[in-house]
Every structure is written in C-alpha cells, then in structure tokens.
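Have the sequence and the 3D view open side by side. The report below walks through the structure in short steps.

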Number of protein chains: 2
Amino acid sequence: MGITIKDVAKAAGVSVASVSRALNGHDNVTAETRQRITTVARGLRYVPHSAARSLVTRRTQTIGALLPDLFGEFFSELIRGIDLAARARGLHLLVSSSHGDANEAAAALRAMQGRVDGLLIMSPHVDAAFLDDHLHMTLPAVLMNTTVQAARYATLNIDNHGGAFAMTQHLLKRGHRDIAFIGGPDGNFDASERLAGFRAALTAHGGKTKSQVLTGDFSEESGYRAGQQLLAMAKRPQTVFAANDMMAIGCLFALNQAGVRVPQDIALTGFDDIPIARYVSPPLTTVRVRIADLGQGALEQLVARMETPDAPIARARTLSCEIVVRASCGLSAGGGTHKHNMVGRSSRHAREFTGGES
Amino acid sequence: MGITIKDVAKAAGVSVASVSRALNGHDNVTAETRQRITTVARGLRYVPHSAARSLVTRRTQTIGALLPDLFGEFFSELIRGIDLAARARGLHLLVSSSHGDANEAAAALRAMQGRVDGLLIMSPHVDAAFLDDHLHMTLPAVLMNTTVQAARYATLNIDNHGGAFAMTQHLLKRGHRDIAFIGGPDGNFDASERLAGFRAALTAHGGKTKSQVLTGDFSEESGYRAGQQLLAMAKRPQTVFAANDMMAIGCLFALNQAGVRVPQDIALTGFDDIPIARYVSPPLTTVRVRIADLGQGALEQLVARMETPDAPIARARTLSCEIVVRASCGLSAGGGTHKHNMVGRSSRHAREFTGGES
DNA sequence: ATTGCAGATGAAAACGTTTACATTCCGCTC
DNA sequence: GAGCGGAATGTAAACGTTTTCATCTGCAAT
C-alpha cells in the first residue's frame, strides 16, 4: 500500500498537518501551499488510509443496510433508492442480506457494528427485544417495515394496511364479491398487515362477500402454486388479490397456462408495483409502493439522525401507497383501454390514494 | 462509542494483549483466562473497533463491487450471488453503482481504494488505460464482462458471443430466416458481443437470411419502443432476438398489446434468463446466464487473488451459457407443450450448450 | 522600537488495535 | 537449590490519520 501522508509531506516540503489541512479543504492554508500539496499528492497517487482516518474521526462515511433477502425486483429497487441517496451524500453502502433466522441477523448486526455510522434495518421478523440485545444504543438506526413500535427507534413503514384496504375497497366498489387473497410468509410484518387490510375492508364493506386465503411466501413460485390451487377448485373465486406482485405474476402465469383469461375469467391484483408489473399481460393492477423512495427516505431519515443524534425520534412515518389500475383487474369504471397509460415511468394512471404520510 | 479493549482488560484484570489474543482465538492463552475474558467482553458488550484493527492488520475484511447500475433483476441476481459467496467467507460487501460516465466511475474507484481488500468491477465502458490510471496496482481486482484484455487483470466473462451465436443458430435451425435483433446500449461490451455473435451465426449459416438491428438500451422501455417499431413495419420480421430479457419482455408487451401473438405471429427470444423470464406469457426462450454464479465465481476468483497475490493471473475465464427453450420462440422440434418445464428452478429444459469454460 | 495580533505552519498527542519483544512464573533436571 | 526452558502474560511500539496547541512570521498600532 505504501504511500502515506508523510511521504506527501516530505515531497512537498511541509508538515503532515499542512497536508491534512490542504487536502481536507481547511481554510487556514495558503492557496499556494495548497496548490503545491495537491499537485504532489496527485503525482504520488496518494490515497488517504480510511481506517486511520476513521480511527481518529470516529466516522466511517459508511452506512449499512440489513436486508432479509436480495431476490427479485423489490430489493433491487430498494437498494437502488438507498444507493442513490447515499451517493448523493458521499456515503458508502455496506449491504448484508440473507438472514433467515434471528441468529444470522444477530451476527450480521454485530459484524456491522463499528463499521458503519448508521444502520438501515429491514428484517420483518426482528422485534424490539432483539434490537435492545444486539444493537448498540448509540448507533443511529432506521427500521423499515417493522413491527417494532418502540419509541426508541426511528421507523419508516409502507402503508401496507391502507394499501390493501384501498385495493380491496376498489375491488368491492367495482362489484367483486368473491375474493381470494394470496398471503405472504408467516411472521412477516408486511404480509400480515396486508392481510389485515384486506380483511378490514371486507368487514367495513358490510355487504355480503366471500373470501379465502391461500398461502404463499412472496416468491413467484408460491404464486404459481396458488394459481394451480385456484385452477383445481370446483368454483373459482371471481378475483385474486396477491400480497405482492411476484406472487401475482406467478399466479397469472398459472392461469394463462391453463387458458383461464385474466381479467375476463378471473381478475387479479398485486402489491408493490415492481417495475415489471406494467409489462406483463395483462398489465397488473397493483398497489404502488414507491420502493426506491422508501429506500431513499429511510436513508435520509438515517442521515438526519446521524447529524442530530439527540433530536427526539419523530414518530413512525408511514409512506402512502396508491392504487394503480391497469388491465388485470378488469377495466376501471371509466372504461377505455388505458393503452397509453401502460408504459413509462411518468405516465398517469387511475389512482386512489391511501391515508398518506402520517 | 465508549468501550474499548482497555476497559475489557481492566475489568478482566489482564493486559490488553491477552484480551486481543483471547478474543482472536490465539492459542497461547490459558483456557481459563480466555473464558474469563470472553465472559467479561460479552458482559461489557465489547465490539472491537474495526478501523483500529484495520489500521494495524492492513485488512478490512471487505470487498467492493463496482456496478454500472442497479436496475432490474440482472443486478439483483448478481449482487445476490456475490453476497452469498462473500458471506460464506465472512467478508463484507460494499456496493457502489450508477456510474454513468468515466468520471463517476473514477471517483467511485478512488473512494473504494483503501476501504476494501479487493474489488469486483463490472463497468462495461472502462478500458485498460482507465484502470491503469485509477486502480492501484496492488489492489486485487476481478473484472466482469469487460472488454479489457490486459493480462494484468483477472477477468470473468459471460460467453456473450457464444450464447448469441447458439441462440441464432437455434433459430436458424428451426427455420427462422428473417430475424430482427434488438441491441443494447452503445459501447456496452455485453451488447456488442451479443450483436457480434448474432451476426457471426448468420454469416456462418451461409443460406439466405434477412436481418435488421433495432436500437435499445437494455431497459424494458426500450424493448417496448422496439416492439412498437416492429408493429409499425409494413412487413414484420419473423423473429425477434432481444439482447437481454428485459427488452424482450418490453417488446413482448408491445406485441401482446397490439394483439400480435407470440410465437404464432412472431417469435421472440431474449438473453440472461432473469428469474421472471419463465413467468411471462408465453414463457421466454432465452440464453441462460447463471447470473448468481457469475457473481459467486467472480468473488471466489477475487478471494483467490487476495490470498495469493503473486500467483500469475489465470487467463480470462468465460462462463458458458445455455439455451433455454420455452414457448416464446415457437415450440421446439420435439413438440409438446412443455408445461411441466416452465416452472421451478431445477426443472430441465431443452438445452444447447455454448463453448463452456475456456 | 516595542507590543500585539492574526495567519500560516509545525510538533506531537490521540484514536484502538495487533504483535514483537520482554518479563514473569512454574516445574524440571542436574 | 541453582539453573534452565517453556508457557503465559505484560509492555510498548507501530499503524496513518486528525487536531490541539505551540511556534513563527510579518505587519499594524502604539
């Protein structure tokens, strides 16, 4: 690795202190000396040793993201959002994923401790006690999509309940009365909230409805299996609401394959609005979660905490969702083919908003 | 941050050296003392300061991944593979992406220097001179999907050319004679290799064929636009070969939307075999790249270099692809519906292998 | 001419580890 | 019982920065 600040100092004929000052843009150094130092440093290809710097500044310029998994477009988008925001602030991003159980999550949490200035945690199965145990109190952290309510932690949630509620309501309003819900993994916060929202809407509606819940685990394959279950039924439900888009797409595929037409024979909706959702046939009606924004927002909240660690923790923020009506649920009341709406990030869709930021 | 190794030493009534030895599993320490120290350390919730450690050991236990982008399932899968392999070795993963131009890439490269023990670089537009300029020679690095041939760098490539060649050959063998190719971004190594493979196969075939190239940039949207161009043509090609799956899916959507049937009216194939490819309708015939394996393999190669930096660099490895025939290109010679083949990670498909590892 | 001041620079401490080297301790052997 | 050897433990240097404090310089004010 070789070349240190001392070498630069020697070559420039100044002290290490001046080199440090010049390179870090402090103002108490002559323009001329700074010029000389920068030139020398560049010539020598000097790169500050970040560990040494971190040791004394107690800053790593790095934030960590603890994710449950990395599979599929949801996490892809999430990381993209985080990365974007981090880059804008000159922060590095350390990712860690695949934490099947609590032990792995604990190990990951431990390992990150001290390597990062702040932590973004999305682990739908960790609870407050777990965090108290393994997360150092002084390390700023933001929890995403978590069941943890403790006021000690900053949290940012998707409006899972509201989104599922609105979507169900939308379906009911359009006359759907017999709806099957494809659920997510057991113990997953998002999954259970979405199911709860679905149920609440049914209850709120009051009228006569029918519903059932199929099991899934958020993977395309589980959606496909659910689709096969549907196909095997003597009397199929009128509508399927999958707890995420990947399952909806898997289910759609099973239906397509069997020649069951969507939405004519059965309507289908998802949740998340992953990028691919608008490109399947028929395009998927879904609950839009601005996934990248979620990551970005979480990072910004984290940065805020890092900058003023003593500020009281704002109460849990919830990111609103909106319903995006595409063809898969049957055409909306307004009719029309919506063709011009189906492509492009900025296109407008029929929308219904959920509660909004709380 | 508070609690250091000194605190542990004091509390356990030993010297810092013993604490260090005990906690790092050195053997020259009594079982009894080690026991005591570990207990105390745990009780105090001592976490070693990694920067201090890195400073003296000159190791960060972190590897960096430099990616051009994070959008879509391809990168998702790639990161997943890298993360998996890194985790298995107790290495942390620092990601950095969105390097539109060379300047950004240079800055990212610089910033990573010194924070990582090794670097995984996928930046389809960097060349050897660029690396010589910005990459410290002593930092182990593995280049993925790069045009760089320099023997100084370890590289791991997808067999883009072979894959595209094989796919084109497959299409020709099935009687397709008029094929449109949707290309990737200008200057992108993968894109140009795939196009070259396509052309080479046409040339090799010798017989009378027709072809054209539509422009794309690897995004669904560009595939959609290409699809619209196709639709607008007086005489449409018989077959479309998109340089990646995302574009194929975008194109498929445009065709579906217009009521043009795939594969009856027009055949369609892609490249990458991203997870979603088997779940669109019709399922996409494509060139399978074991994306996660690519990431995993690159990481392993990197680790090898880190462990023995002086070993001569193995010549560029190329990861073989295989053709996965699903329904979108018209049924394969064998006929049948392939229904049982379309789902599940381990299902067998009609396959044709490309050159394999060189 | 002396004092004071401000701005530029340098010397050295500090950050928390690991590790080479020194010391202590203990049980042996002669 | 003195000397020895080896294991366990301690001491202190080193890693490469940043930053506090001190020094030095030149210049204006007295």
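Start with Leu120(A). Setting aside neighbours within four places in sequence, Leu120(A) is in contact with Ile63(A), Gly64(A), Ala65(A), Leu66(A), Ile82(A), Val142(A), Met144(A), Ala298(A), Leu299(A) and Leu302(A). Two residues are in contact if their C-beta atoms, placed from the backbone, lie within 7 Å.

This is a predicted model: local features need pLDDT of at least 70, side-chain atom pairs count only at pLDDT 80 or more, and totals for chains, interfaces and linings use all residues. Residues are numbered from 1 along each chain as its sequence is written, while chains are lettered from A and ligands numbered from 1 in the order in which they are written.

**The core**

The largest nonpolar core has 190 residues. Leu120(A), Cys251(A), Leu120(B) and Cys251(B) have the most contacts inside it. Such a core is a set of buried Ala, Val, Leu, Ile, Met, Phe, Trp, Tyr and Cys residues joined through C-beta atoms within 7 Å. Buried means that 20 or more other C-beta atoms lie within 10 Å of the residue's own; exposed means 12 or fewer, and partly exposed is in between, with C-beta atoms placed from the backbone. In soluble globular proteins, nonpolar side chains tend to be buried together.

**A buried strand residue**

Thr239(A) is in strand S8 (residues 239-242) of chain A. Thr239(A) counts as buried because it has 24 C-beta neighbours inside 10 Å. Not counting residues up to four places away in sequence, it touches Leu171(A), His176(A), Asp178(A), Ile179(A), Ile266(A) and Ala267(A).

**The DNA strands**

A residue is near a strand if its C-beta atom, placed from the backbone, lies within 6 Å of it. Nonpolar here covers Ala, Val, Leu, Ile, Met, Phe, Trp, Tyr, Cys and Pro; charged covers Asp, Glu, Lys and Arg; the others, Gly among them, are polar.

| DNA strand | Nonpolar | Polar | Charged |
|---|---|---|---|
| C | 14 residues | 10 residues | 2 residues |
| D | 13 residues | 10 residues | 2 residues |

Near strand C, H4(B) gives the largest share, 5 residues. Near strand D, H4(A) gives the most, also 5 residues. Helices (H or I, at least four residues) and strands (E, at least two) are DSSP runs, numbered from the N terminus.

**The two copies**

Chain A can be laid on chain B with an RMSD of 0.1 Å by a turn of 180 degrees and a shift of 0.1 Å along the axis. That is the relation of a two-fold axis. The superposition is by least squares on the C-alpha atoms of residues with pLDDT of at least 70 in both.
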